[in-house]
Amino acid sequence: MTTNPYLNVDQQMVGDIYTAPDVMDNLTVLCDDFGSRFGGTDGERQAAEFIKETLTAYGLQNVHLEPVEYIGWTRGTAVLEIISPIEKQIPCITLPHSPAVDMEATIIDVGDGGPLDFEKYQADIPGKFVMVNSKTQPRGSQRWVHRGEKYGRSMLAGAAGFIFVNHYPGYGPATGGIGRGGEGLIPGISVSYEDGAFIQRLLQRKGEVKIRLRTTDHCAPMVSWNIIGDLPGASADAQIVMLGCHYDGHDISQGAVDPASGAVAVLEAARVLAKYAGQMTHTVRFALWGVEEIGLLGSRAYVDAHADELDNIRFYFNMDAAGGARPKDVVLNEWSELETLVSQWQKEMALDFAVGQSVNAFSDHFPFLLAGVPTGGMEAVERDLSGRGYGHTHYDTLDKVQIRNLRDAAALAARLAVRVANASDWPASRRSQEAVNALFDKPRYQEERAISAQIAQYVDAHRK
Ligand SMILES: [Zn+2]
């Protein structure tokens, strides 16, 4: 039998979380009062203030906003017209960081937009609008192929523009950033499944479809905020355990599951852990990140600004969208030295979460991972490669979120944080840059790593 040295703490924290209304109350304020909290909106600023006040009220110390300067984007109008062989307006939205344009070009259908599709159509792409669907596991691929990669491959192939077609019926267009922290080099727009299917049929019947796209979005320097608060450790040479999640959503959405369900789980963990202030050996730091959706900008800024602290971070645990319906497992970002310990904790907690090992580049753990900091996240070990569902659409709303999922996420995060903050023997330490690079040389990460480096190089070379 496994004994649980934290039984009393676990019982108090879990009992508190499962009987208190706070976690859903906070979610309601973030989503219904502040809207999308997209970078540059009033709701974003109000959410940052609310998070600061909430962490302060919970008794955290050193609660403050850290400004994040970045190139922001404001949505304008977007008019997409088929001008030949018929005339018809098609509803569309632009993707964040898309530039303002007035242009005409023909469309090429590049299917799922995976590596094999681009290989097949490469020669016919230059000067055309590449149309791809949002399937996250394109034909022939064993991995999640991100929208950013499909847009990047279009750009590298000489496309005039990018049309992202939702692969789910009934959810309208799906959004997502394309700019890598600045204005995109080619326009990116998104249409619904149904409108994509219409264009596809027209292409098949008529051979050539020409469109005109007029957009008035604009990019400008903006400031966002990370909100940070601490429960200082008792040890004189305390290290730092971080729990984090972004709070910004996409402007077409409440972003209730992604990210707010994770953000309120972080707040809830802070609320119950604050009752042990001064009793934990190491510091627990809570971070609510700004502007993740348009390039992980808040967490990147944090890692840059706190370079001298990174050696001292025991663990960064990412909670992006963690209070949604997916399984709440612990995915370590290739830290085999932590697996035994976390599995032992899983047994003593008498919970059935799985412990896995993998890396991806698509949330706020990534800047920490690149800097060598031990990282992981609350994710499903068996990743569902079918896609985001209503995520990144207008339909990611509060009514989809269940309080029991928020509580499960908060309770697991709090119980893990207590253990990391008190472990006398912590087996992981910061990786060297060589070790970080070697990690991405593993065959299963190589393809994605190579194309992402090519895209980054191209953007650096061509951005004004
Ligand atoms: Zn997210």
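Here is a walk through the two domains, the interface between them and the zinc site. The model is predicted, so local features need pLDDT of at least 70 and side-chain atom pairs count only at pLDDT 80 or more, while totals for chains, interfaces and linings use all residues. Residues are numbered from 1 along each chain as its sequence is written, and side-chain values use heavy atoms, with hydrogens and water left out.

Let's start with the overall layout. Domain 1 covers 7-72 + 220-440 and domain 2 covers 76-216, with bounds from an automatic or database domain assignment. Their centres, taken over C-alpha atoms, are 33 Å apart.

Now to the interface. Here 20 residues of domain 1 are in contact with 23 residues of domain 2 (heavy atoms within 4.5 Å). About 1800 Å² is buried between the domains, with carbon and sulfur atoms giving 62%; this is the accessible area (1.4 Å probe) lost on putting the two parts together, summed over both. In domain 1, Phe 362, Leu 385 and Arg 388 lose the most area to domain 2, together 28% of what that side buries.

Finally, the metal. The zinc ion has protein donors (N, O and S atoms within 2.8 Å of the metal) from His 246 (NE2), Asp 258 (OD) and, twice, Asp 320 (OD), lying 2.0 to 2.5 Å from the ion. In sequence these donor residues follow the spacing H-x11-D-x61-D. Because the 4 donor atoms subtend angles of 55 to 140 degrees, the arrangement is irregular (tetrahedral would need all angles between 85 and 135 degrees; square planar, opposite donors over 155 degrees apart and all others between 65 and 115).

Key: Donors are N, O and S atoms within 2.8 Å of the metal (3.2 Å for Na, K and Ca); water is not among the atoms, so sites may look incomplete. Four donors count as tetrahedral if all angles lie between 85 and 135 degrees; four count as square planar and six as octahedral if opposite donors are over 155 degrees apart and all others between 65 and 115; anything else is irregular.
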